[in-house]
Amino acid sequence: AGSCLAVQSRFNGALGRAMGDPYLAALVSFGIGFAVLLVGSVLLPAGRRGAARLPGVLRTRRIRWWYFLAGVFGAYLVIAQTLTTALLGVSVFILGLVVGQSLGGMLVDRWGIGPGGMQPLSRYRVLGTVLILAAVAVAMVPRFSAGSLHMSTPALVGAVALPVLAGVLNTVQTAWNAHIAAATGTPLTSTLTNFAAGTVALVVVAGVARWLTRPGPVQWPHEWWLYTGGILGIVFVAAGAVLARHVGVLQTSLGLVTGMLLGALVLDVAVPTAATVVTPVTVAGTLATLVGLVVVTLPWGSRRRS
C-alpha cells in the first residue's frame with residue numbers, strides 16, 4: 001500500500017503539471033477513485049451490507065460524525081502531492097510525508113484516537129520511530145546535496161511543511177477510517193465515505209481556485225496511467241483502515257512508510273526522471289528503515305510481561 005502511494009505521487013504530480021492546474025488534477029484523481037468505489041460498493045455484497053449499516057451506525061452514535069470528514073485530510077494529501085512533487089520531486093515529498101506520519105502515528109496511538117484505544121509508547125517504540133526518521137534523512141541526503149533544489153531556505157521549509165502536515169493528518173485519517181470500517185464491518189464502506197468527503201472538498205477547492213486564477217483551457221494528457229492515481233489511493237486508504245484495527249496507527253503508518261520509501265527507490269532505479277539521484281547512501285538509508293520498523297513492531301512488551 002505504501003508503494004502504491006509512491007507511484008500515486010509520481011502520477012499525480014505529472015498530471016498536475018500536464019493539466020496546468022494542480023487543484024483540478026487532484027479532483028480528477030480523487031474523483032476517479034470515488035467513482036470506482038461507488039460502482040464496487042453497489043456490485044459487491046460487502047459494499048451493500050456496509051452501506052446498509054451506515055444509517056444505524058449514525059443513529060446509535062457508535063462513531064462520531066466527524067469521522068466521516070477523514071476524506072478531507074486525504075484531499076489535502078493529494079493537493080500536497082500535485083503541488084510539492086512539481087516543485088521538489090517525489091523523493092522530497094516522501095521525505096516530508098514520512099516525517100509527518102512517524103510523528104503523527106506516535107501521537108495518535110498515545111492519545112487513543114484509533115479503534116484499538118491508547119497504545120503505550122514504550123522506549124522501543126520511540127527508539128524505532130527515531131531510527132526510521134534518521135534512516136529517512138540519510139536516504140535523502142544525496143538528493144539535497146545534488147543541488148537540484150534551487151529554492152531559498154524559507155521557501156524550501158514552507159514547501160516541505162506541506163507533506164509533513166499531510167503525513168500528520170494522514171494518521172488521523174487512518175484512525176477515523178478504521179473506526180468506520182469496524183462499525184460497518186467492511187473497509188469498503190469506510191474507503192467510500194473517505195473518497196466521498198474528499199471529492200466534495202476538492203470540488204469546492206478546485207472551483208474556487210479556477211474562479212480566482214482564471215486559468216486557460218484545461219490540457220488533458222493522453223497518457224492513460226496518469227489518471228490511475230485515485231485507484232492506487234484506494235489501496236492505500238483501505239489497507240490503513242484494516243491494519244490500524246489490528247496493529248495500531250503507529251505500526252500501520254511505519255509499515256506504509258517503509259513501502260513508500262522502497263517504492264520510491266524502485267521507481268528511481270527502474271523509471272528515473274531528470275532529477276533522480278540514487279547512490280549507495282540512498283539504498284543504505286532506505287534499507288535502514290526496516291531496522292527501525294523491526295524495533296517498533298517486535299513484541300518487546302509482551303515478552304517482558306510473560
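**Entry 1: arginine 53**

I began with arginine 53 and located this residue in helix 3, which spans residues 45–59. I noted that the model is a predicted one. I then looked up the relative accessibility of arginine 53, which is 38%. Because buried means under 20% and exposed means over 50%, I recorded arginine 53 as partly exposed. I also found that Arg53 forms a positive surface patch together with Arg48, Arg49 and Arg62.

**Entry 2: the salt bridge**

How many salt bridges does the structure hold? I recorded 1 salt bridge. Its partners are arginine 210 and aspartate 21, and their closest N and O atoms are 2.8 Å apart. I traced both residues along the chain: arginine 210 sits in helix 8 (residues 187–213), while aspartate 21 sits in the loop between helix 1 (2–19) and helix 2 (22–43). The pair therefore links distant parts of the chain, 189 residues apart. I added a general remark that side chains of opposite charge can pair when their charged atoms come close.

Are the two partners buried or exposed? I listed arginine 210 as partly exposed, because its relative accessibility is 26%. I listed aspartate 21 as buried, because its relative accessibility is 7%.

**Entry 3: the whole chain**

I turned next to the chain as a whole and recorded 12 helices and 0 strands. I noted that 49% of the 306 residues are buried. For contacts with a separation of 6 or more, I found that 85% join residues 24 or more positions apart. Finally, I looked up the accessible surface of the chain, which is about 13,700 Å². Carbon and sulfur atoms account for 71% of that surface.

Key. Residues numbered from 1 in each chain as written. Predicted model: local features only at pLDDT ≥ 70, side-chain atom pairs only at ≥ 80, totals over all residues. Heavy atoms only, no water. Helix = DSSP H or I, 4+ residues; strand = E, 2+ residues; numbered from the N terminus. Buried < 20%, exposed > 50% of the residue type's maximum accessible area, 1.4 Å probe, protein only. Contact = heavy atoms within 4.5 Å. Areas by Shrake-Rupley, 256 points an atom, 1.4 Å probe, with all protein chains shown as cover. Patch = residues over 30% accessible without salt bridge, like charges linked within 9 Å, V, L, I, M, F, W, Y side chains within 5 Å. Salt bridge = Lys/Arg side-chain N within 4 Å of Asp/Glu carboxyl O. Lys, Arg positive; Asp, Glu negative; His and termini not counted. Charge placed at Lys NZ, Arg CZ, Asp CG, Glu CD.
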